[in-house]
Amino acid sequence: MRVQLAKRSGSAGSGSGSAEASVCALLSAAFYAPYDVCGAKFLWWTWHDSDASIAARWLGVPAGSTAWTLTWSFCFCLVHRLTLRRGWGTAAALATSALTV
């Protein structure tokens, strides 16, 4: 869904796969942020306060969680776009993109 929204946002027409992947990453972070904040608030998950790598937080959510969402979404969308440009077809592009996990 986010890939389709990124395509329709106008960045796909510019011919830049990285621009489309950037829009996709920002949309992914925007969609995931409420879930991440609610998860911390309702104790669906917790993070250790003693871990220095997650000390930087916003609304109780480590900044690394949002950074991971941005990074993974960007990589997924970029690989997906590049494989489609090579003419691999939709199924092969999705399979290749799934390998970013």
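## A walk through the chain, starting at helix 3

Helix 3 is a good place to begin: its 23 residues reach 33 Å from the first C-alpha to the last, close to the 33 Å expected at 1.5 Å a residue. Keep in mind as you look around that this is a predicted model.

Some residues of this helix are buried, namely S65, T69, S73, F76, C77, H80, R81 and T83. To read such a list, it helps to recall that an α-helix has 3.6 residues a turn, so residues three or four places apart point the same way. T71 also has its place in helix 3, which covers residues 63-85. Is T71 buried, partly exposed or exposed? T71 counts as partly exposed because its relative accessibility is 43%, and the band for that class runs between 20% and 50%. A polar atom of the T71 side chain lies 2.8 Å from the backbone oxygen of A67. You can also look from T71 across to L26: the two are 45 residues apart in sequence, yet their C-alpha atoms are 9.8 Å apart in space. Once helix 3 ends, G87 follows, with a positive phi near 80°.

Now step back to the whole chain. It holds four helices and two strands, and reading along the sequence gives the pattern α-α-β-β-α-α. Of the 101 residues, 27% are buried. The chain exposes about 6300 Å², and carbon and sulfur atoms supply 65% of that area. How do distant parts of the sequence meet? Taking contacts between residues at least 6 apart in sequence, 45% join residues at least 24 apart.

Next, visit the strands. V61 sits in strand 2, which is made of residues 61-62. Is V61 buried or exposed? V61 is buried because its relative accessible area is 0%, and buried means under 20%. Which residues does V61 touch, leaving aside its neighbours within four places in sequence? They are D36, V37, A40, W47 and A56. K41 can be added to the picture by distance: V61 and K41 are 20 residues apart in sequence, and 9.1 Å separates their C-alpha atoms.

Between the strands comes a residue with another character. L59 lies in the loop between strand 1 and strand 2, and L59 counts as exposed because its relative accessibility is 64%. Its backbone deserves a look as well. Most residues other than glycine have a negative phi. L59, however, has a positive phi of about 55° although it is not a glycine.

A second leucine offers a similar stop on the tour. L43 has its place in the loop between helix 2 and strand 1, and it has a positive phi of about 60°, again without being a glycine. L43 is exposed, because its relative accessible area is 63%.

Finish in that part of the chain with W44, which is found in the loop between helix 2 (17-41) and strand 1 (57-58). Which residues make a nonpolar surface patch with W44? Y32, Y35 and F42 join W44 there, and the patch covers about 450 Å².

How values were computed:
Residues numbered from 1 in each chain as written. Predicted model: local features only at pLDDT ≥ 70, side-chain atom pairs only at ≥ 80, totals over all residues. Heavy atoms only, no water. Patch = residues over 30% accessible without salt bridge, like charges linked within 9 Å, V, L, I, M, F, W, Y side chains within 5 Å. Areas by Shrake-Rupley, 256 points an atom, 1.4 Å probe, with all protein chains shown as cover. Salt bridge = Lys/Arg side-chain N within 4 Å of Asp/Glu carboxyl O. Buried < 20%, exposed > 50% of the residue type's maximum accessible area, 1.4 Å probe, protein only. Polar contact = N/O pair within 3.5 Å; in protein donor to acceptor, adjacent residues only side chain to side chain. Contact = heavy atoms within 4.5 Å. Expected span 1.5 Å × (residues − 1).
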